[in-house]
Amino acid sequence: MRTLFVIAVLASVLATPDSALAQGKGPGNGKVPPGQAKKVTPSGAVVVIRDVFVHNGYDVVRVEQVGLTQVVYYRRGNMGKGKGKGPLERMVVRPSNNIVVFDGGPATLLVNVRLRLGI
């Protein structure tokens with residue numbers, strides 16, 4: 001009886017159509033296949049940095065381009081406590097092969113930036 005049940009379960013698994021099994025990430029759905037790095041430019045990363053920083057209460061003061069690298073100057077916003085804005089800080093975004101490297105910046109926000117960029 002047990003053997004019959006095992007055979008029935010295996011038959012149902014093997015009879016599952018391929019389209020139901022092929023729901024993973026692949027080149028057809030806009031995702032980068034595993035093992036390949038997504039190409040990110042420093043200027044594209046700056047757009048995401050600006051969006052994430054402003055969403056989290058930071059002010060992006062200016063962005064300077066120095067060769068292929070981008071330097072982002074930012075400060076913490078007022079946050080409504082009447083103590084003014086934070087000191088001016090900087091973050092360097094430089095290319096490295098197919099990805100970008102971030103030097104400086106708040107670690108909690110850089111996690112969000114990396115997630116949005118897919119790196």
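Is K85 buried or exposed? K85 is exposed, with a relative accessible area of 51%. That value is just one detail of a predicted model, and the paragraphs below set it among the others.

The protein has four helices and four strands. Read from the N terminus, the order of elements is α-α-α-β-β-β-β-α. Of the 119 residues, 24% are buried. The exposed surface comes to about 8400 Å², and 58% of this is supplied by carbon and sulfur atoms. When contacts between residues at least 6 apart in sequence are considered, 39% of them join residues at least 24 apart.

The aromatic side chains come next. Three aromatic pairs are found in the whole structure. One of them is formed by F53 and Y58, whose ring centres are 5.4 Å apart with 50° between the planes, a tilted arrangement. Both F53 and Y58 are buried. Y58 also pairs with Y74, this time edge-to-face, at 5.8 Å centre to centre and 65° between the planes. This second pair links distant parts of the chain, since Y58 belongs to strand 1 (residues 58-66) and Y74 to strand 2 (residues 69-76), 16 residues apart. Y58 counts as buried because its relative accessible area is 16%, under the 20% limit. Y74 is buried as well, with a relative accessible area of 2%. Together, F53, Y58 and Y74 make up one aromatic cluster.

Two arginines place their charged ends over tyrosine rings. The charged end of R76 sits over the ring of Y58, 4.7 Å from the ring centre; Y58 is thus a member of the aromatic cluster and also a ring with a charge over it. The charged end of R62 lies over the ring of Y73, at 4.1 Å from its centre.

R62 leads on to the salt bridges, of which the count is four. R62 is the partner of E64 in one of them, where the closest N and O atoms are 3.2 Å apart. Both ends of this bridge are partly exposed: E64 has 33% relative accessibility, and R62 has a relative accessible area of 36%.

Another salt bridge joins R116 to D51, with the closest N and O atoms 2.7 Å apart. It connects distant parts of the chain, R116 lying in helix 4 (residues 107-117) and D51 in helix 3 (residues 42-55), 65 residues apart. R116 is partly exposed at 47% relative accessibility, and D51 is partly exposed with a relative accessible area of 39%.

The residue from the opening question, K85, forms a salt bridge with D59, and here the closest N and O atoms are 2.9 Å apart. This pair, too, links distant parts of the chain: K85 is in the loop between strand 2 and strand 3 (89-96), D59 is in strand 1, and 26 residues separate them. K85 counts as exposed because its relative accessible area of 51% is over the 50% limit. D59, at 26% relative accessibility, falls in the partly exposed class.

Strand 1 therefore recurs in these descriptions, holding Y58 of the edge-to-face pair and D59 of the bridge to K85, with Y58 buried at 16% and D59 partly exposed at 26%.

Conventions
Residues are numbered from 1 along each chain as its sequence is written. This is a predicted model: local features need pLDDT of at least 70, side-chain atom pairs count only at pLDDT 80 or more; totals for chains, interfaces and linings use all residues. Side-chain values use heavy atoms; hydrogens and water are left out. Helices (H or I, at least four residues) and strands (E, at least two) are DSSP runs, numbered from the N terminus. Buried means under 20% relative accessible area, exposed over 50%, partly exposed in between (1.4 Å probe, protein chains only). Contact means heavy atoms within 4.5 Å. Accessible areas come from the Shrake-Rupley method with a 1.4 Å probe; for residues, only the protein chains shown count as cover. Rings of Phe, Tyr and Trp (its six-membered ring) pair if their centres lie within 6.5 Å; planes under 30 degrees apart count as stacked, over 60 as edge-to-face and the rest as tilted. A charge sits over a ring if NZ of Lys or CZ of Arg is within 6 Å of the ring centre and within 35 degrees of the ring normal. A salt bridge is a side-chain nitrogen of Lys or Arg within 4 Å of a carboxyl oxygen of Asp or Glu.
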